[in-house]
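Please go through the briefing below alongside the sequence and the coordinates. The points are grouped by topic.

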Amino acid sequence: MLEYLIRRLTGTIPVLLAVAAFVFLFVHMLPGDPARLVAGPDATPQDIAAVRADMGLDRPLVMQFLRYLSDTARLQLGRSIKTHQTVAELIGERFMPTLLLTVFAMAWSVVVGVGIGVLSGVKRGRWQDQVAMVLAISGISFPGFWLGLLLIDLFSVRLGWLPTGGYGGWQNFVLPAFTLGTAVAAVMARFTRSAFVEVTAEDYVRTARAKGVPERGVIWKHTLRNALIPVITLTGLQFGFLLGGAIVVETVFAWPGLGRLLVDSVAFRDYPVIQAEILLFSCEFVLINLIVDLLYAVVNPEIRLR
Amino acid sequence: MSDLALAAPSLRSPAAEFWRRFRRKHVAVVAGCVLLAMIFAALAAPWIAPYGPATPDYDNVLAGPSWQHLCGTDTFGRDIFSRILWGGRISLTVGFVSVAMGGLAGVVLGLISGFFGGLVDSLIMRLMDVLLAFPGILLAIGVVALLGPGIDNVIYAIAVFSVPVFARLVRGSTLALKQTLYVQAARSIGVRAPLLMLRHILPGTLPSVIVYCSLRVGTSILTAAALSFIGLGAPPPSPEWGAMLAEGRSYLGVADQITLFPGLAIFITVLAFNLLGDGLRDALDQKLR
Amino acid sequence: MRHVVPRMLLAVALVFGAAGTAHAAKDLVVGFDANLTGLDPSDLNDNLSQSATRLMFEGLYMLDEHMKLQPQLAESFDASEDAKEFTFHLRKGVTFHDGTPFNAAAVKFSFDRAGNPENHLKRQSLYVMIDHTDVVDEYTVRMVLKYPFGAFVNNIAHPGALIVSPKSVQDFGKEVMRHPSGTGPYQFVSWSADTLKMKKSEHYWKPGVPKLDTITYRSVPENGARIAMLQAGEAQFIFPVPPEMIKALQNSPTITIFNEPSILVRYVALNTTRKPFSDPRVRQALNYAVDKQAFAKVVFSGYSDPMDSPLPPLLGYYQKQGSYPYDPAKAKALLAEAGYPNGFESTITGGAATLAQRGMQFVQQQLAVVGVTLKVEPLEAGVLTAKQFNVTGPQDATIVMNYGGWSSSTGDADWGMRPMLYSKSFPPVLFNLAWYSNAATDSAIEQGLATVDASKRATAYSEAQAQVWHDAPWIFLGVDHTLAAYSKKLHGAFMRPDQQFTLTADADLD
C-alpha cells in the first residue's frame with residue numbers, strides 16, 4: 001500500500017514539471033505586457049521600465065525561464081507583479097474559500113444527484129423516472145451567471161433572507177453553493193441512473209433476484225455498490241474542476257476564491273500568480289485521482305491496487 | 001443514422017430496432033421535435049424574422065413585448081424575437097461545429113491511444129490530463145488572444161474543451177473492443193492496423209460517441225454563454241444567445257425581456273439536447289433490452 | 001427582513017429608557033467593481049486603491065470634490081516667478097498613525113523615496129521634474145525643479161504624492177504596501193483577498209472628525225450583485241452603477257443616486273497617418289455622421305453629455321469649441337469630396353466590457369448610414385494594450401480606430417491633452433493613438449506647461465483646444481457622468497469628477 005502510494009506520487013513529478021514548463025511558455029506567449037498593464041495607460045516609459053526592472057521582466061526570456069524552473073523546484077513561487085504580495089500568501093488567502101465552497105456544493109449535489117439517480121434507476125421508464133430526470137437535467141441547462149443573478153434578486157433583494165455574496169457565515173454559502181451544485185447534481189443524477197441501470201442488467205444481479213433476494217436488498221447490496229464506482233470517478237473529476245475555482249459563480253457572488261484570482265491575474269498577465277495557480281490545480285488533480293483510486297478499493301475490495 | 005446503428009449486431013434491422021426502442025422514449029421524442037423546430041426556425045430566420053437582427057430603432061428602445069415586437073426590443077431598439085431567430089443559427093452552429101471538431105480530434109486521439117497502448121497511450125493521456133487540469137478560461141483567453149475575437153475562434157476555443165473528454169471515452173471503448181472476438185479474429189488474419197481501427201473498432205465506439213455528442217452540444221452552448229460573460233464570446237453585433245444574455249444582464253429589473261428570452265432559448269435548447277441524448281443512450285444501449 | 005429583529009430590540013430598548021447608553025458602531029461598507037492593487041501611495045495608479053490611500057494618507061495639497069486645489073498637510077506655498085522653485089509651509093502638530101511626527105524631514109523622505117528611480121515605484125514620473133528637495137526648517141520644505149513646471153502643485157496633489165511615514169518604510173521595506181501608515185483620518189486594520197478594513201484614527205489633527213468608526217472596502221465585480229448589495233443594505237455606497245441600472249434604483253425610498261458630470265471623455269481615436277483618416281475631411285465627416293445626443297441616450301441611457309471640446313468642461317482651461325451637429329448629408333458630401341463617395345471599410349477596436357462593446361456597436365450603426373462599414377473588434381485587456389503599445393512608430397500600428405476614454409488623473413489640462421494629442425506622446429511613450437501631430441498644437445501644449453501664470457496658460461490651452469477641434473483626430477463622443485448610488489443614511493460621500501471615491505472629513509452615517 002505504502003509502496004503503491006510512493007510509486008504513484010513520484011510518477012507524477014515529471015507530469016508536474018511538464019505542466020510547469022508548458023504554463024510558462026503559454027503565459028509568455030499571450031500578447032500583453034504585464035508591466036504596461038500594471039502601470040496603466042497613462043504611465044510614462046520611466047514608470048513602465050520601473051515595473052519591468054522591479055519584477056525581473058527585463059531579463060532575457062531564457063534566463064527568466066531557468067530562474068522560474070529552479071525557483072519552482074524549490075517551491076519559491078515569487079511575488080505578484082500586480083500587488084507585490086508573495087504568491088503563496090495570495091493563494092493561501094483564497095484557497096479556503098474555494099475549498100469550502102467546493103465541498104458544500106459537492107456535498108449537496110452528490111447526495112441529491114445520487115438520490116435522484118437511484119430513484120430514476122429503480123423506477124426506470126415510469127413517470128417518476130421521467131419527472132426526476134427532466135428536473136435534474138433542468139439544472140444543467142441554466143447558464144450559471146443568469147441563475148446566480150436571479151437567485152440574488154429573489155433571495156437577497158426581494159425576500160432579504162440571504163446575503164448577496166461575499167465570504168462569511170453559513171448564510172453566505174447557500175446561494176453560491178446552490179448555483180455551483182445544480183450542474184453537478186444533474187450530471188450525478190444522470191450518471192448514477194445509467195450506472196445503476198447498467199449494473200441491474202449484470203448477471204450477478206439477475207442471479208440475486210432469481211435466488212429470491214428481496215428487492216430492497218438487491219438494490220442496496222448488489223446494485224448500488226457496483227454502480228458507485230463510476231459515480232466516484234465522476235465525483236473526483238467534478239471536484240477537481242470545482243477546486244480550480246468556479247470563475248462564473250465566484251464573480252457573481254463576489255467570492256474571494258481562486259477562480260477570481262485567476263481571472264484577475266490573467267487580466268494583468270501576472271505571470272507568477274498564473275503559473276503557481278495552474279501548478280496547484282494540476283497537483284490537486286493528481287491528488288484527487290489518487291484518492292479516487294483508493295476509494296475504488298474501499299467500495300469494492302475485489303479491486304486490487306497495482 | 002442508419003449506418004451508425006449498423007454496428008450494433010441485431011436480428012432485426014438495426015435501424016428499425018433502434019427506432020422501435022427510441023419511439024417509446026416519449027420525453028426524448030418531444031425533445032427531438034423541439035430541436036427540429038428550433039433548427040428549422042433558425043434556418044428560416046431570413047424569411048420569418050420580422051426585422052433584421054442588427055437593425056437599430058432609437059425611438060423604440062427597451063420596449064416590452066407587444067404585437068410589433070413579440071419579445072420586446074433591446075437597448076438599440078433591435079427586435080429581440082428576430083435576434084433570437086438569427087442567433088439560433090449562430091448558437092446552434094457553435095454547438096454543432098465545436099462538438100464536431102472537438103469530437104473528431106478526441107475520437108482520433110482516443111482510438112490511437114487505446115489501440116496502440118504503451119508509450120503512445122501514456123503520452124496522449126497525460127496530455128489530456130494536462131488539458132483537463134488547465135482552466136478553461138485560460139485556454140479560451142489563449143485561443144481568442146492568439147487568433148483574435150470572432151465567432152469562429154470562439155468555436156475553436158470551445159472545441160478544445162471537448163477534446164479530452166472524447167479522448168477518454170473512446171479510449172475506454174477501444175480497450176474493451178480490442179479484446180472482442182471479431183477484432184481478434186480480424187487481427188489474426190492480418191488486417192492492417194489503420195483498417196482495423198476504422199472498420200472494426202471505430203463503429204463500435206460510435207453509439208457512445210453519438211450520445212455524448214448530443215449531450216455536449218448543450219454544454220458548448222452554455223460555454224459560449226460563459227465566455228460572453230467574461231467578455232470573450234461572440235463579438236457584437238452578433239445575436240449569439242449567450243452574448244445577448246451576457247450583454248443584457250445589467251438590465252435585470254429594468255428591462256427583463258432582454259435576458260428572459262435569450263435565457264429561455266438557451267435553457268430550452270440545452271434541455272432538449274440533454275433529454276434527446278438520454279433517450280438515444282437508452283435506445284442504443286444493447287444491455288437495456 | 002434581517003433588519004426587523006434589531007429594530008424591534010431597539011424599539012424595546014427605547015420603551016424601557018435604555019437607549020442612548022450604548023454607542024451604535026458606525027460601520028461603512030463600500031462596494032466597488034475592481035480589487036485593490038496595493039496600499040503604497042507612490043506605487044499605485046488605479047482610482048480605487050488611490051481612493052483608499054487617500055483615507056489613510058494625506059498630501060501637501062489635495063483636490064476637493066470639485067477638483068479644486070486645497071491645502072491639506074501644507075498650509076500655503078510660494079512659487080518663484082519662473083515656476084522652478086516651490087516652498088511649502090507645513091501644518092504643525094500632526095502625527096503619523098505609527099506615532100512618529102509629521103515634519104519637513106518626512107516630506108523630504110517621502111518625495112526622495114518616490115522619485116528615486118532605484119525604488120522602481122510606479123508614480124516616479126510625478127517627480128521627474130524635481131531636482132532636489134530641501135528641508136528649510138522643521139515645518140518648511142522647498143522643492144527645486146529642473147525646468148519650469150506650471151502644473152507642479154496640481155501634480156503633487158495627486159494621490160501618488162501622499163506623504164508616508166518614514167518609519168513605516170524603514171520597518172517594512174517593500175512590504176509597506178501591506179502596512180500603510182499615514183496621517184489620514186482613518187487607519188489601516190487589515191487587507192485580505194477582496195476586503196480592506198480601516199478604522200477611525202483617534203489622533204487625527206482636525207478636531208471632531210472622523211465620525212465613522214470603520215470603513216470596509218469590498219470588491220464586487222458583478223454589476224447586478226453590487227446593486228443587490230446596496231438594495232439589501234449590505235453596503236452603503238456602490239460604484240460604478242451602469243447607466244441602464246439607474247432606473248432600477250431610482251424609485252427606492254432608501255437610496256440616493258449620485259449623478260454628476262465627470263472629466264472622463266469618450267472618443268474614437270482615428271489613426272491620422274493612415275488612409276482614409278489622414279484626410280481631415282474624412283475625420284470631420286465621421287464627426288458629423290455620429291449623433292452625439294443619440295450616443296448619450298442609447299449607450300449611456302442619457303447619462304453622458306456631448307463633447308464640445310477635446311477637454312471636458314470640469315477641467316481647468318476648458319473652452320467650448322462648438323459642435324459637429326448630426327448631419328449625415330454633410331458627412332456624405334465631405335466623404336465624397338475626399339474621394340469616398342461610397343464610403344469605406346474599417347475596424348473599430350476597444351475593450352471587451354459591455355459598455356465599450358455597446359459604444360462600438362453604436363458607432364458602427366451610425367457610420368453604416370453614411371456608407372462606412374465597420375467591423376467591431378472588442379479585445380481582452382492584455383491583448384488590447386499589446387496592440388496599442390507594442391509598436392515602434394505609426395508605420396506598424398495595427399489599430400486604425402480606437403474606442404476609448406481618458407480622464408486626467410492630475411486634474412490639470414496638461415494631462416488632459418499632452419498624453420493623447422502631443423506629437424512626442426506617440427505610443428509606446430504615451431497614449432496618442434491617433435498619431436496626431438500638429439506643430440501648432442504641440443507648441444501650445446508646451447507653452448501651457450512652461451508657466452504658472454493662469455492667463456498665459458488659458459491662452460495656450462485655448463489655442464490647443466481650437467486646433468484639435470478643427471483637426472478632428474478623434475470622433476468626439478461624450479463626457480461620461482459619474483454614476484454611483486448610496487444609502488440615504490450616508491452623508492459626505494461622493495465621487496470626484498475624476499471618478500475617485502472621496503469622503504468628506506465629517507462623513508457620517510445616521
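**Briefing: strands, helices and contacts**

C:Tyr186 has C:Lys200 as its bridge partner in strand E9 of chain C. The model is a predicted one. The notes below start with the strands of chain C, then take up a helix of that chain, chains A and B, selected helices and residues, and the contact between chains A and C.

**Strands of chain C**

- Strand E8 (residues 186-192) and strand E9 (residues 195-200) of chain C run antiparallel to each other, paired over six bridges.
- E8(C) and E9(C) make a hairpin with two residues between them. In the turn, C:Ala193 has a positive phi of about 50°.
- E9(C) also pairs in the antiparallel sense with strand E10 (residues 214-219) of chain C, over five bridges.
- Within that second pairing, C:Lys199 has C:Thr214 in E10(C) as its bridge partner.
- In a regular strand, side chains alternate between the two faces of the sheet.

**Helix H9 of chain C**

- Helix H9 of chain C covers residues 292-300, and its buried residues are C:Lys292, C:Phe295, C:Ala296, C:Val298, C:Val299 and C:Phe300.
- The cover over these buried residues of H9(C) includes strand E13 (304-306), helix H11 (354-369) and strand E17 (474-487) of chain C.
- C:Ser301, just after H9(C), takes a positive phi of about 50°.

**Chains A and B overall**

- Chain A contains 13 helices and zero strands, while chain B contains twelve helices and zero strands.
- Along the principal axes, the C-alpha trace of chain A spans about 85 × 55 × 30 Å; the C-alpha atoms of chain B fill a box of roughly 75 × 45 × 30 Å.
- Of the 306 residues in chain A, 49% are buried. For the 289 residues in chain B, the buried share is 52%.
- Among contacts in chain A with a separation of 6 or more, 73% join residues 24 or more positions apart. In chain B, the corresponding share is 69%.

**Helix H6 of chain A**

- Helix H6 of chain A (residues 127-140) has 14 residues and reaches 20 Å from its first C-alpha to its last, close to the 20 Å expected at 1.5 Å a residue.
- Its buried residues are A:Ala132, A:Met133, A:Ala136, A:Ile137, A:Gly139 and A:Ile140.
- These buried residues lie on the same side of H6(A), because they cover an arc of only 135° around the axis.
- An α-helix has 3.6 residues a turn, so residues three or four places apart point the same way.
- The cover over the buried residues of H6(A) includes H5 and helix H8 (170-200) of chain A, together with H12 of chain B.

**Helix H12 of chain A**

- H12(A) is largely enclosed by the rest of the structure, because nine of its ten residues are buried.
- The buried residues of H12(A) are A:Leu258, A:Gly259, A:Arg260, A:Leu261, A:Leu262, A:Val263, A:Asp264, A:Ser265 and A:Val266.
- Just after H12(A), A:Arg269 has a positive phi of about 50°.

**B:Arg281**

- B:Arg281 belongs to helix H12 (residues 257-284) of chain B.
- Is B:Arg281 buried or exposed? B:Arg281 counts as buried because it has 22 C-beta neighbours inside 10 Å, and the cut-off for buried is 20 or more.
- B:Arg281 and B:Ile210 are 71 residues apart in sequence, and their C-alpha atoms are 8.6 Å apart in space.
- Apart from neighbours within four places in sequence, B:Arg281 is in contact with A:Ser194 and B:Val211.

**Nonpolar core**

- The largest nonpolar core has 334 residues. Those touching the most other members are A:Met188, B:Ala225, C:Ile238, C:Val241, C:Val268, C:Val363 and C:Ile475.
- Leaving aside neighbours within four places in sequence, the contacts of A:Met188 are A:Ser109, A:Val110, A:Gly113, A:Val114, A:Gly117, A:Val231 and A:Leu234.

**Contact between chains A and C**

- On the chain A side, 44 residues are in contact with 43 residues of chain C.
- Six helices of chain A each supply at least two residues of the side that touches chain C: H2 (34-39), H3 (45-54), H5 (87-122), H7 (144-158), H11 (247-252) and H12 (258-267).
- H3(A) gives the largest share of that side, seven residues.
- By class, the side of chain A that touches chain C has 21 nonpolar, twelve polar and eleven charged residues.

Key:
Residues numbered from 1 in each chain as written. Chains lettered and ligands numbered in written order. Predicted model: local features only at pLDDT ≥ 70, side-chain atom pairs only at ≥ 80, totals over all residues. Contact = placed C-beta atoms within 7 Å. Helix = DSSP H or I, 4+ residues; strand = E, 2+ residues; numbered from the N terminus. Nonpolar A, V, L, I, M, F, W, Y, C, P; charged D, E, K, R; others polar. Pairing = 2+ DSSP bridges. Buried ≥ 20, exposed ≤ 12 C-beta atoms within 10 Å, placed from the backbone. Core = buried A, V, L, I, M, F, W, Y, C linked by C-beta atoms within 7 Å. Expected span 1.5 Å × (residues − 1). Arc of directions from axis to C-beta.
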